[in-house]
Amino acid sequence: MSPAVVYPYESQWGDIACNRPLIEEGADPSRFFDWSTDGYPSVEEYLFWSHHVCGLASLRSVLRAWSPEHGRIAMFELVRRAQLHGALTRDGDAVGGLFYRPFVEWIGEDFGIEGTVHPLVEAEGLLEHVRSGGVALASVSPEIRYPERPNARRGGHLVLVHRFDGDRIMLHNPSGVPGTAENAELDLPTFERFFAHRGVTLTPPA
């Protein structure tokens, strides 16, 4: 693959060290990450929201690459802003979103990032934007963390696709396990098995 922008990896639990123990052993991620450094007011808020911020973790990876001053914004502040703009909603223990249209409006207003919503798109159509220098938040099954296994569904989780050369895709999965979290590589047919034919593409600021 040719040289490209480096997108730092972001785990939705704050540190990649949290991912495998939580996913495969049910471990408490607060054992591995100081949640207060990400602006959470309590461990309870951290444990609640960290299961729902795959899209915001992907966004922060983009912010760190394109706008480092914004990349320092704490995750809980991103949660707050997303709620303020209607991109995330909370009703008790139920979370709605990430809702694409208010998300795109929000990041344009706050960060100057142009986004395009793709409610129904083929994988190659979404990925052509990545080939031309943008990135995509793609809706996939969380089962993509084990691509060698058959999957039962598509969608329900967002990953950041930041490279597309030939039929090789490189992505950050905010809830991946070792080998499928940071800069995970998949071929196009494998990606398509998990892809829900929707997502958002982002274009770097001018």
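**A tour from helix H6 into the nonpolar cores**

In this predicted model, begin by selecting the buried residues of helix H6, namely Tyr-100, Phe-103, Val-104, Trp-106, Ile-107 and Phe-111. Turn the view to look down the axis of H6: these buried residues lie within an arc of 165°, so they line one face of the helix.

Next, show the whole of H6, residues 100-111. The helix comprises 12 residues and reaches 16 Å from its first C-alpha to its last, close to the 16 Å expected at 1.5 Å a residue. On the face turned away from the buried side, select the exposed residues Arg-101, Glu-105 and Glu-109. Then move to Gly-112, which follows H6 and has a positive phi, near 70°.

Return to the buried side and select Trp-106. Leaving aside neighbours within four places in sequence, Trp-106 is in contact with Leu-56, Leu-59, Leu-78, Arg-81, Ala-82, His-85, Ala-87 and Phe-111.

Now widen the selection to the largest nonpolar core, which has 39 residues. Leu-56, Phe-103, Trp-106, Phe-111 and Leu-202 are those with the most contacts inside this core. Colour the elements that each supply at least two of its residues: helices H2 (43-49), H3 (54-66), H5 (75-84) and H6, together with strands E4 (135-140), E5 (157-165) and E8 (195-203). Of these, H3 gives the most, with seven residues.

Finally, select Val-161, Phe-164, Leu-171 and Phe-191, which are among the 20 residues of a second, separate core.

Key
Residues numbered from 1 in each chain as written. Predicted model: local features only at pLDDT ≥ 70, side-chain atom pairs only at ≥ 80, totals over all residues. Heavy atoms only, no water. Helix = DSSP H or I, 4+ residues; strand = E, 2+ residues; numbered from the N terminus. Expected span 1.5 Å × (residues − 1). Buried < 20%, exposed > 50% of the residue type's maximum accessible area, 1.4 Å probe, protein only. Arc of directions from axis to C-beta. Core = buried A, V, L, I, M, F, W, Y, C linked by side-chain atoms within 4.5 Å. Contact = heavy atoms within 4.5 Å.
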